[in-house]
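Visitor: I would like a close look at one part of this model. Please keep it brisk.

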Amino acid sequence: WHALDGGATMNLPQHVATRLLTLLTTLGLACVAAAQPFPAKPIRIITPFSAGSGPDAMLRVVSEKMAADLGQAVVIDNRPGGNGFIAITAAKAAAADGYTMVQMDDAHMALLPHLYKNIPYQLSRDFDPVGTFFKTYFFITASAASPWKGVPDLVAAARAKPGELTYGSWYVGSPGHVGGAMLEAATGTQMSHVPFKETPMVYQAVANGDVAWAFGTAGSAGPLYRARKIKFLAVAAPKRTTGYLDVPTVAEAGGPANFEVKAWVALHAPKGTPAAAISRVNASLAKVLADVEVRDKFGTFGFEAFSTPAADIPAMIEADSKRYAEIVKRAKIAVE
């Protein structure tokens, strides 16, 4: 054996020599692995959205293109339920090595902290932002069998029976719930919110008449809309949505002016994830979102692709946090 001090030779017991050789081999392999460019293995993206929902569908469009760009598989891990806490806590507990990320919408990032006294994560403490990839506006959906033809019909029904008209959403404090509270405030009505465990359940309930209406995106509510089981009364956006130009805005449909309900989605990684990994994924995401095919696909679902530098995301979250704080206080939204 050749010592590390310049060439002196030493005799070591066999078992010591074996352990030393094993250690050196392990360290050597570790160094080789560390030297490999990121990513060197598949990336997992945990999502709180159920398979088939709008955010899930768009994530799959993006992940397929990113996999080709990164040279590694991008695996989607659906963990719906628990107001997103199940997925987010799973990501929080993952290794901060760049190989696990989590999809969140603005409710997870900026709203839930105003609804819960204790949530199992603190965004700035537990996660690093990676990149945004879409925003979307919400449609007011009702059963295809509903006699309503526009927003004034919905408002009239709510005023006729204060507190009785129901609207659904995918959890307490979701964009659909907050949007309903915003519509109540804007129209001076009082309605009853009905939360469901998963997003698809909301629109099936609308189609069946179990709830009177709900906010939904083209991606999440679109399948039942195309199946003619639900209809879109209006879109809560400043202008009509690509692919649904026959659906008026809330203002055009006779509702309150300047009424908007939207959501945006971003990727985060466990706190301490290497900056190089975040930069590589952000660059890949930006490249994919610039792809005409991807943007057209997003537009088909009523989503708008957009990317931002990771460093810009905290300011966006802070702005939304202030806005949501005002809405929650005004609407008195409470989580038991």
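Visitor: Leaving aside its neighbours within four places in sequence, which residues is L154 in contact with?

Guide: This is a predicted model. Apart from neighbours within four places in sequence, L154 contacts I140, W148, L165, L183, M191, W213 and L233. Contact here means heavy atoms within 4.5 Å.

L154 belongs to the largest nonpolar core, which has 73 residues. Along with F127, I140, W213, F215 and F259, L154 touches the most other members. I140 and W213 are thus named twice: as contacts of L154, and in that group of six. Helix α4, residues 106-115, supplies the largest share of the core, 6 residues. A second core is separate and holds 29 residues, including I45, V62, V74 and I278. In soluble globular proteins, nonpolar side chains tend to be buried together.

Now the sheet. It is open, with 6 strands and mixed pairing. The order is β2-β1-β3-β10-β4-β11. β2 (74-78) and β11 (303-305) stand at the edges. Each has a single partner strand, so one side of each is left without a neighbour in the sheet. On average, neighbouring strands are turned by 30 degrees against each other, direction ignored.

Take one pair. β3 (100-105) and β10 (262-270) run antiparallel over 4 bridges. D105 stands opposite V265 in β10. Helix α10, residues 275-289, packs on this sheet. α10 touches β1 (43-47), β3, β4 (127-137), β10 and β11. The direction of α10 makes about 15 degrees with that of β4.

Methods
Residues are numbered from 1 along each chain as its sequence is written. This is a predicted model: local features need pLDDT of at least 70, side-chain atom pairs count only at pLDDT 80 or more; totals for chains, interfaces and linings use all residues. Side-chain values use heavy atoms; hydrogens and water are left out. Two strands pair if DSSP finds at least two bridges between them. Helices (H or I, at least four residues) and strands (E, at least two) are DSSP runs, numbered from the N terminus. Axes are lines fitted to C-alpha atoms, for helices over the stretch in contact, and angles run from 0 to 180 degrees between N-to-C directions. A nonpolar core is a set of buried Ala, Val, Leu, Ile, Met, Phe, Trp, Tyr and Cys residues joined through side-chain atoms within 4.5 Å. Buried means under 20% relative accessible area, exposed over 50%, partly exposed in between (1.4 Å probe, protein chains only).
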